[in-house]
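Me: I'm new to this one, and I'd like to know what stands behind the labels people put on it. Can we go through them one at a time?

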Amino acid sequence: MQKYFLFANPSFIEGMARILDLGTTLSEYNTSLTPEQADHEAMSSDWKAVASDLKAAMAEHERRLTSQG
């Protein structure tokens, strides 16, 4: 699952270089061909995160039920 689709994900070295980048010339963000594609990717990422959270919550609930019985 690709998190933070629309945000930059710099390496440690890039992060260190950004400290000195006063003109924000190093800022690079993920781009999409169209706004619709960006929306689709963002919505897809959001729903995948919701599904992951639900799956984790259900597994925790199941674990608690089986440990009580």
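Reply: Sure, let's start with phenylalanine 12, which is found in helix 1 (residues 12-20). Keep in mind that this is a predicted model, where local features need pLDDT of at least 70, side-chain atom pairs count only at pLDDT 80 or more, and totals for chains, interfaces and linings use all residues. Residues are numbered from 1 along each chain as its sequence is written, and side-chain values use heavy atoms, with hydrogens and water left out.

Me: What makes a stretch a helix here, and how many helices and strands are there?

Reply: Helices are DSSP runs of H or I with at least four residues, strands are runs of E with at least two, and both are numbered from the N terminus. The protein has 2 helices and 0 strands.

Me: Why is phenylalanine 12 called exposed?

Reply: Exposed means over 50% relative accessible area, buried means under 20%, and partly exposed is in between (1.4 Å probe, protein chains only). Phenylalanine 12 has 64%, so exposed it is.

Me: And what makes proline 10 partly exposed?

Reply: Its relative accessibility is 32%, so proline 10 falls in the in-between class. Proline 10 lies in the segment before helix 1, and, leaving aside its neighbours within four places in sequence, it is in contact (heavy atoms within 4.5 Å) with Gly15 and Arg18.

Me: How do you know that glutamate 60 and arginine 63 form a salt bridge?

Reply: The term asks for a side-chain nitrogen of Lys or Arg within 4 Å of a carboxyl oxygen of Asp or Glu. For glutamate 60 and arginine 63 the closest N and O atoms are 2.6 Å apart, so the pair qualifies. They sit 3 residues apart in helix 2 (residues 35-68), which means about one helical turn separates them.

Me: What about arginine 64 and glutamate 60?

Reply: Here the closest N and O atoms are 2.9 Å apart, so this is a salt bridge too. Arginine 64 and glutamate 60 are 4 residues apart in helix 2, again about one helical turn. Because these salt bridges share partners, Glu60, Arg63 and Arg64 join into one network. The structure holds 2 salt bridges.

Me: Are glutamate 60 and arginine 63 buried or exposed, or what else are they called?

Reply: Glutamate 60 has a relative accessible area of 29%, so it counts as partly exposed. Arginine 63, at 46%, is partly exposed as well.

Me: How much of the protein is buried?

Reply: Buried residues make up 6% of the 69 residues.
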